[in-house]
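Visitor: I should like to understand how the descriptive terms used for a protein model are justified. Could you take me through them one at a time?

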Amino acid sequence: MRRRDFWRWLPRRHHYEIRDPARELFLFRQRLWLTGLAMLVVFGVLLGRFFYLQVIAHQQYQTQAENNRITVVPVGPSRGTISDRNGKVLAQSFSAYTLELTPSKIDDLETTLTQIGELIEITPRDLRRFRRAMEESRNFDSLPLRTKLNDEEVARFAVNKYRFPGVDIRARLYRQYPEGEIASHVLGYIGRINDRDVDRLTDSGDILNYKGTDHIGKTGIELSYEDTLHGVVGFDEVEVDALGRAVRSLTKVAPIPGDHLQLTIDLRLQQLAEQSLGEANGAVVAIDPNNGEILAMASMPGFDPNLFVEGIDIANWDRLNTSPDKPLLNRPLRGAYPPGSTLKPFLALGALTSGKRTADYAFNDPGYFELPSGAGTTYRFRDDKPGGHGRVDMYKSISESCDTYYYVLASETDIDDTARFLSQFDFGQITGIDLEGEATGVLPSRAWKRDRFSGPRYKEEHRRWYLGDSISAGIGQGYNSFTPLQLAHAVATLANNGVAYRPHLVKRIIDGSTGQSKEISPEITRRLNLKPANLAAIKKAMVDVNREGTAMRIFKNAPYTSAGKTGTAQVFSLRGERYVESQIKSHLRDHAWYVAYAPAEKPVIAVAVLVENGGFGARAAAPVARALFDDYLLGKREPVKPPSDDNEWEE
Amino acid sequence: MHLRDHLSAAWLRLTRHIDGPLMAIVLLLLAVGAVVLFSALAPDTDRFIQQIKSVGIALVVMWIVANIAPHRLAQIALPLYLLGVLMLIGVALFGVTVNGSQRWLALGGFRFQPSELLKLAVPLLLAWYFQKAEARITFSNFLVAMLLIAIPTWLIKRQPDLGTAMLVAASGFYVLYLARLSWKVIVVLTASAVPLVWLFAHDYQKQRVLSFLDPAADPLRSGYHTLQATIAIGSGGVTGKGWMNGTQTHLDFLPERHTDFIFAVYGEEFGLVGNIVLLALYTALLVRALMIASHASSLFDRLLAGTITLMIFTYAAVNMGMVSGILPVVGVPLPFVSYGGTALLSLFICIGILMSIQTHRKLVAT
């Protein structure tokens, strides 16, 4: 009984109620219909839930379902081709199959690589390239392992595809440079988009347009005309299942192919320029003075841009990057060299313009110029010709390249006036060519020197301009340093009587879809205020150079009249010693320069030739110009060899 | 007698124990189920045909059960329960393990899940027990009933199959509830059940509950089912995407779409309108079942019919609640719609019992 009392909380009424079946049934029904009520409430909650999902939040779930279902696959546009002015293809795109791996989707990369190697030939070079691409790639990228698979290889892999999740065969666009090393610096190359490119594209807002693109221009025209060549990305809306397999295509927005570029470069002339430089390192720039079109722009040695497209392998990269010949340096664009005597016609023109000299003014050249250097001593600037050139007027100062004439002129001219005059020819500033990365060179002036030697490492004595600086600069040495492009541009401006055109490499842009072509119109950047008489005097002197002066032998028997100027740029200061080429190590030898235009009466081509460590400009550089002129004006194409006799060559 | 009279006599004999309204509602539910299942199984028609066969067998079984008088069912309650518990012990000792759970008993090449049997055996036994006790819930009665529920529940829970264990326990407690267990005890039991279940739950079971609370936290793993199912239902909108047009369904985003998650297929393809139709059919079924329970002639009949009603309701509500993301994922099929022979069979046995209770009452009354 105590036990029962303890559990009194349990229902006890039943003792009495059990006797009443009617009440029993009533109470049961009460619970039953209470249950029914609970059911209705629960179903009401469910109905509320359905209403929320299917009416209130419907749009959101609709979107999510669509996102599940539809994948947008970007389709990269086909990159425009690049051809020379006559339509010869220099860079083109084509489609081919690649075997690609997505490392993030592969559990055991090494095993997969081995197993693929059993199916399809994978060379050690492919592997090296793949690993290099892995290091540089964007996250979760699909990376090429083998490129340009043939049909049999594609079939063999397709059968075994199920064994390799994360490995796919894709049709990819490739870039090919059929002419190899020719014009490599002009064309530049494309390469796989790397992290830096992504950052840049993100900043410029172009990243979406590159969703379907793997490559981007890295240098040269490929870089400078990236926007033109690339085109606009297309999209393929694909319905996919839960495993990401495409079920069907919904809508397609075709990519807009990139535009084609027709260059101003004449492949034949370009080839000749490169051949003419031979084994030497150097640069050639040929410009049409009448419109600024660049006919040839050679930089030797070159490189094969095809090596870079799918990622260059380490051996080739090291070879190109560490070679003392600097094959990756675009010399005409970025190489700055003292112009030497090629600056003389411009200095002379400056003297005529300012009235410091007349063309006929002559003096007796002792073969040196003495500059008092304090405490009664003098510093002697030598002319190359011992004993001097005799009586020298302006014509002779150019045709025989008399240094003393210019020493004296420099000593009487303020450097800032010289700089002001020369800057009109774009010396010391960019010419505005349509290639990125143009160097400005150095056009010395007081302000320049002060700026150059600013900073705590230098003292005031370093920053001050000395008369000696002017004397060196007065023969194109000293601080003067210009690119071959600047010289060619300056000569073209001179040949065109002071009307300067912007140098450019693209002649025509051809719409990738419609084929409509748009001519790039020549752009006059400057009209120099030069007196015709002064111009005529300088031009006559330059004709004399080729007729009876320093380049006389090179232009012997030329059926056209040409004008030129030789130059030799010192690499190594001889400190007043006489320069004997055979006694100087080859890499310390002077650079040979030659600038020219032809025909003298109505110029159609202006060139600047630089041969690094070539010695005298007349012997090393002028034959290149002669070959180009012969080819361009006469259609004759043979490299002109310098006369082999060992007679003295002089500036 | 004319042939027509023979036929009509045969028809009468055949349908004597079939409850017309209940049969009509069940057939409508089956029709809806067939339509959805066809879409969920597409393009596999073999399994659809298999399910049609299962429905046929289940209907025959239902007819047989409907023809068995309820008091005969009371007689087999205890043996059935003992057999079920014995088989559960058998599962624990030599059961087949599938997906980490030991739930199946292999009997001569045929795999059988004894826990399914207990869903019916437990309410049957308790109804019989309280009938014997004349509905007196004394302390000893209560204790015995608790023990009878606890034994199979524990055995199923340790397979582990928490969902079925809870359903079996629930079926037992429904009987207790209908037998008018004191509200105070009900409150105490309910309050203690939640932490108890959590305490005994396996990690993966807890994970399911946690992922239910925030499905987006882990969208590709435990929350994936719920997320994709709610997307399917929500994207169906008011009128649905149309039969065979559900993208979530036909592009494989919905897992378990022909079994536990078939309601998502339905919601996606038939929308809110379809859902309301289904809820209405279930409501009609439950109302009819409640009426049968209400008018049942004996305490055993009443308790059994009421419990069966509550169980069918539980399956439907838990399944729809889980698929629409307001309940954690428990392996409960949607009655009359989900694919699967075993679940269908036990469901139709229940319907058969309801019909038996209803039709035998009439016979007694006349």
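Guide: Let us begin with a pair of residues: A:G564 has A:A596 in β24(A) as its bridge partner. Please keep in mind that this is a predicted model.

Visitor: What makes β23 and β24 of chain A paired strands?

Guide: Pairing requires at least two bridges between two strands. Seven bridges join β23(A), residues 563-569, to β24(A), residues 591-598. Seven satisfies the requirement, and the two strands are therefore called paired. A further example of opposite residues is A:G567, which faces A:W593 in β24(A). The two strands run antiparallel.

Visitor: Why is β23(A) called an edge strand of its sheet?

Guide: The sheet is open and has five strands in the order β14-β13-β25-β24-β23 of chain A, with antiparallel pairing. β14(A), residues 293-300, and β23(A) each have a single partner strand, so one side of each is left without a neighbour in the sheet. On average, and with direction ignored, neighbouring strands here are turned by 5° against each other.

Visitor: Which helix packs on this sheet and touches β13, β14, β23, β24 and β25 of chain A?

Guide: That is α26(A), residues 622-634, whose direction makes about 150° with that of β25(A). Another helix, α23(A), residues 484-495, lies across β13, β24 and β25 of chain A, and runs at about 150° to β25(A).

Visitor: How do you know that β23(A) is mostly covered?

Guide: Seven of its seven residues are buried. On one side these are A:A563, A:K565, A:G567 and A:A569, and on the other A:G564, A:T566 and A:T568. Both faces of β23(A) are thus described as covered.

Visitor: What covers the buried residues of α24(A)?

Guide: The covering elements include α16 (344-354), α17 (394-399) and β23 of chain A. Among the buried residues of α24(A) are A:N534, A:A537, A:I538 and A:A541.

Visitor: How do you know that the span of α24(A) is close to what is expected?

Guide: The helix covers residues 532-547, which makes 16 residues. From its first C-alpha to its last it reaches 22 Å, and the expected value at 1.5 Å a residue is 22 Å. The two values agree, and the span is described as close to expectation.

Visitor: Why is A:T213 called buried?

Guide: A residue is buried if 20 or more other C-beta atoms lie within 10 Å of its own. A:T213 has 21 such atoms, and therefore it qualifies as buried. This residue is found in the loop between α9 (195-204) and β7 (215-217) of chain A. Leaving aside neighbours within four places in sequence, A:T213 is in contact with A:G76, A:I193, A:H230 and A:V233. The C-alpha atoms of A:T213 and A:V233 are separated by 7.9 Å, although the two residues are 20 residues apart along the chain.

Visitor: What makes A:A183 and B:F336 worth noting?

Guide: Each has a positive phi although it is not a glycine: about 60° for A:A183, and about 70° for B:F336. A:A183 is placed in the loop between β5 (167-176) and α8 (184-187) of chain A, and B:F336 in the loop between α13 and α14 (341-365) of chain B. Applying the cut-off of 20 once more, A:A183 is buried because it has 30 other C-beta atoms within 10 Å. B:F336 is buried too, because its count is 29.

Visitor: Where in chain B are the cis peptide bonds that precede B:P43 and B:P160?

Guide: B:P43 lies in the loop between α2 (20-41) and α3 (46-66) of chain B; its cis bond is to B:A42, with omega about 5°. B:P160 lies in the loop between α6 and α7 of chain B, and the cis bond joining B:Q159 to B:P160 has an omega of about 0°.

Visitor: How many residues does each chain give to the contact between chains A and B?

Guide: Chain B gives 42 residues and chain A gives 37. On the side of chain B, the largest share, nine residues, comes from α12(B). The residues on that side divide into 21 nonpolar, 15 polar and six charged.

Methods. Residues numbered from 1 in each chain as written. Chains lettered and ligands numbered in written order. Predicted model: local features only at pLDDT ≥ 70, side-chain atom pairs only at ≥ 80, totals over all residues. Contact = placed C-beta atoms within 7 Å. Helix = DSSP H or I, 4+ residues; strand = E, 2+ residues; numbered from the N terminus. Nonpolar A, V, L, I, M, F, W, Y, C, P; charged D, E, K, R; others polar. Buried ≥ 20, exposed ≤ 12 C-beta atoms within 10 Å, placed from the backbone. Axes fitted to C-alpha atoms, helices over the stretch in contact; angles between N-to-C directions. Expected span 1.5 Å × (residues − 1).
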